[in-house]
Amino acid sequence: MLLNACGEPDKKKNPAETKGRVLEYSNTLSFLNADGEVVSTLRFVKADDESERNQGLMDVNSMPSDAGMVFYFDTEEEQSFYMMNTPLSLDIMYVNADSVIVNIYKSTTPFSSKTLPSGEPAKYVVETNAGYSISNDIKEGMKVRF
């Protein structure tokens, strides 16, 4: 199992003193219901190398409501994230190699060191603003299309 943080711990930073990083959301993905119909579209930043995955959404203080980050992994295996140095509450969706959402954590706790394991093998992890999965009726078992 891989353990990934949304950033490495940095005890010297005070979250109130940072303006935060600004991201460019240049990719899109769609969430599909059981009939294959698009229920929501998300603009996202792609994190596909170790450095980008380690940084994650660390020090990002806000995102548009239709935006997020997608982590790409070379192999499908159990993943685990935590919220260290991440000031936003997020929905974290683990997606397997067949593009099926296998687990969703809703409204995670900012700055938490609690691990959030996928529970099943995952090749992708989608992070959105907290509440995105509820407001867009996204559930485990649905598919994503990149």
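**Lys123 and its surroundings**

Let me begin with one residue, Lys123, which touches Phe71, Tyr72, Phe73, Asp74, Thr75, Glu76, Val95, Asn96 and Ala97, if we leave aside residues up to four places away in sequence. Please keep in mind throughout that this is a predicted model.

Lys123 lies in strand 7, and that strand deserves a word of its own. Ten of the 14 residues of strand 7, which spans residues 116-129, are buried, so the strand is largely enclosed by the rest of the structure. Strand 4, residues 67-82, runs antiparallel to strand 7 and is joined to it by nine bridges, while strand 5, residues 90-95, is also antiparallel to strand 7 and is joined to it by six bridges. Val126 in strand 7 appears in both pairings, since it is the bridge partner of Val70 and also stands opposite Met93.

Coming back to the lysine, which side chain of opposite charge is nearest to Lys123, and how far away is it? It is Asp74, at 6.1 Å, and Lys123 is buried yet has no salt bridge. A salt bridge here requires the side-chain nitrogen to be within 4 Å of a carboxyl oxygen, and so the pair does not qualify. What we do find is that the backbone oxygen of Asp74 lies 3.0 Å from a polar atom of the Lys123 side chain.

Where, then, are the salt bridges? A search of the whole structure finds three. In one of them, the side chains of Arg43 and Asp66 meet at 3.0 Å, N to O. That pair links distant parts of the chain, with Arg43 in strand 3 (residues 38-47) and Asp66 in the loop between helix 1 (50-55) and strand 4, 23 residues apart. Arg43 is partly exposed, with a relative accessible area of 30%, and Asp66 is likewise partly exposed, at 29%.

Another joins Lys46 and Asp48, whose side chains meet at 3.9 Å, N to O; Lys46 is partly exposed at 34% relative accessibility, and Asp48 is partly exposed at 37%. There is also Lys139 with Asp137, where the closest N and O atoms are 2.3 Å apart, and here Lys139 has a relative accessible area of 46% and Asp137 one of 47%, so both count as partly exposed.

To set this in the whole chain, there are two helices and eight strands, in the order β-β-β-α-β-β-β-β-α-β. Buried residues make up 46% of the 146 residues, and, of the contacts with a separation of 6 or more, 74% are between residues 24 or more positions apart.

Key. Residues are numbered from 1 along each chain as its sequence is written. This is a predicted model: local features need pLDDT of at least 70, side-chain atom pairs count only at pLDDT 80 or more; totals for chains, interfaces and linings use all residues. Side-chain values use heavy atoms; hydrogens and water are left out. Helices (H or I, at least four residues) and strands (E, at least two) are DSSP runs, numbered from the N terminus. Buried means under 20% relative accessible area, exposed over 50%, partly exposed in between (1.4 Å probe, protein chains only). Contact means heavy atoms within 4.5 Å. Two strands pair if DSSP finds at least two bridges between them. Lys and Arg count as positive and Asp and Glu as negative; His and the chain ends are not counted. A polar contact is a pair of N or O atoms within 3.5 Å; within protein, one must be able to donate a hydrogen and the other to accept it, and residues adjacent in sequence count only if both atoms are side-chain atoms.
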